[in-house]
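Dear colleague,

I am passing on a structure that I would like you to look through, and my notes on it follow directly below.

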Amino acid sequence: MKNLLTSIKTPQDIKHLSVQQLNDLAAEIRSFLINSVSESGGHLAANLGVVELSLALHYVFNSPVDKIVWDVGHQSYVHKILTGRKDQMQTLRQFGGISGFPKFEESEHDVFNTGHSSTSISAALGLALARDLAKDDYAVVAVTGDGALTGGMCYEALNHAGNEGCDLLVILNDNEMSISRNVGAMSSYLNRLRTDPSYFRTKDEIEMVLTRIPGIGPNIARAAGRFKDILKFIMVPGKLFEELGFTYIGPVDGHDMQELLTVLSNARSMKGPILIHTITQKGYGYEPAYRNPDVFHGVGPFDVETGQLVNKKIKTYTEVFSDFIVKKAAEDSRVVAITAAMASGTGLKDFAQRYPERFFDVGICEAHAVTLAAGMARNGLRPVVCIYSTFLQRAYDQIIHDVALQNLPVVFAVDRAGLVGEDGPTHHGVFDLAYLRHIPNLTVMAPANENEFTDMLHTAFAMESPVAIRYPRGAGQGVAVKAEREFIPVGKAVTLRKGKDLAILAIGRAVVLGLEVQGILQKQGIAAELVNMRYVKPLDQEKVFDLATRFSRMVTIEDNNLAGGFGSAVLESLIDQHQSADVLRFGIKDEFVEHGRVDQLFEYLDLDPESMAEKIVQQWPEILGKKKWELFRFGKAQG
Ligand SMILES: Cc1ncc(C[n+]2csc(CCOP(=O)(O)OP(=O)(O)O)c2C)c(N)n1
């Protein structure tokens, strides 16, 4: 294989390449991607699918003058490689390394930060309108997937863009996949565009579209004969997009470099909003990813030869949820499960297979998922809505207006709560305690381990009002789940360790951190009482009162933003009960947390057990004798 990739430092470096060389470069990039993601983990399948598209975009357009906005941004690795970050790919998603998503702080070529789906057309339209107001002249391109196109924001943006009529290019990268196979009527429509010959335009229609190109339009129309074969495939109606005010071009083979270059070059000189429909294959060029695009959507380290993932031993919270919900569905025929395009991520695959008629993948439509659940609950069903904490942010109003206000028994399985690690700030679920805690009628819990999680799910389904359970990404504590499930009294905390010097109140995953802090302090002769609060709402007021009467020093620990979170709830409770205590709150301060392994992030935030124990002793040095304190400080909590 020729070594072209090493000479690519900026997009300018590909401009002189021939189509054959671009194809060679595409092959090199694929093999580079497979090897680097096999070590770092990341979004492989989507990136393998956009190698030619990314090359063609950077060949035809002049980034960073021309702006390319990547929807979700998980498919921006090739773009990163072409814009001078190839050598940093080995640090991808690692603490201090480059992000797995576009980041303007990282490169001038990343014009708009993304991570959540379906934002690119809105953002690109915003850039285009700002450009026009400034009377500037450059292209703005949004690259969006067919999965992203299930999200409502896309339609709001298309609707607006068509009306504005400004120059804007939308590339619809259609690979028939969201993370799982794409769903919905729009997906079927795209499929018809892709396959139904009756959708092909007449030559007259094609010419009409081409003559819209100012100045050179008629010439191109005359020259169309030369592109006859290409045009036959690229100009089909896309009526729906046309009705929205877009010129539709497609479908285009997104792995055919020549075709892409021709179409993009033509589109570049056309006026108004244009949508190019490209057809690609997720995982293209790597058999394991091609065969299992959902597994290789976001993947951990794997063996390149076999495609086998590096194995983990302890069950994840998601797997525990999966086991529970399948059993629950067998017991109660009213149980239905809803996901917003995350069937495997949220552990609903098994449920979907066993109860297909009770399983609903609504697409990337979190807001709709929640109101849909409200409708179902109103009509006697017991829906569980399974959405990651960060994506549930999109459905804040629906939780309040459609579920809580009517006190409907919807269970929210809020997966990936707290710090999630390598996906970084767009994906950390560190706001949910704050955005759920103040909603009337809604009960909010967080389990400290797998067994408690199962009991909480059991409790949630036994209640007749909305309940949210937030739980972290990844492995549990390795605690066995008892066969007998217990109802956890609503709003009741549980004391795990008795003490006399201070009280530690923790919630969810932070209970494990609390246990470690308690252990470190114990070695210093400090007796901390540790309480697993279990419920953030209703908070166990009696417990807070009791602790405040017995302890003047109180510590709260949470893996949520401090503002409005669990510690805030404890402070409110103290004040409301006219109790006072010296309170030290541990949680995430007023900042966005970068990517990296969760344990590294905890350490970076001084939320690792050692740092917290040290902070506690610093705060209240009197709980140690002076000599011991010196020892403690310099020996960093070594007992
Ligand atoms: C609001 C939101 N919900 C869910 C996700 C999780 N997610 C990331 S990529 C993806 C599928 C996107 O499909 P598509 O746009 O077709 O891109 P592809 O991966 O197929 O290239 C989903 C559901 C997200 N990023 N944002």
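How do the residues of the shell around the ligand divide into nonpolar, polar and charged? There are 10 nonpolar, 10 polar and 5 charged residues in that shell, where Ala, Val, Leu, Ile, Met, Phe, Trp, Tyr, Cys and Pro count as nonpolar, Asp, Glu, Lys and Arg as charged, and the others, Gly among them, as polar.

Please bear in mind that this is a predicted model, in which local features need pLDDT of at least 70 and side-chain atom pairs count only at pLDDT 80 or more, while totals for chains, interfaces and linings use all residues. Residues are numbered from 1 along each chain as its sequence is written.

The mean pLDDT (the predictor's confidence in each residue, from 0 to 100) is 92 for the protein, with 91% of its residues at 70 or more. Over residues 199–203, however, the pLDDT is below 50, and it also stays under 50 over residues 232–236.

Returning to the ligand, 25 residues surround it, of which Ala46, Ser117, Gly145, Gly147 and Ala148 come nearest; a residue is near if its C-beta atom, placed from the backbone, lies within 6 Å.

As for the sheet, 5 strands (DSSP runs of E, at least two residues, numbered from the N terminus) form an open, parallel arrangement in the order 1-2-3-5-4, and the edge strands, which pair on one side only, are strand 1 (67–70) and strand 4 (247–253). Pairing requires that DSSP finds at least two bridges between two strands; strand 3 (residues 168–174) and strand 5 (residues 273–279) run parallel and are joined by 7 bridges, and Asp174 stands opposite Ile279 in strand 5.

Best regards

Methods:
Contact = placed C-beta atoms within 7 Å. Helix = DSSP H or I, 4+ residues; strand = E, 2+ residues; numbered from the N terminus.
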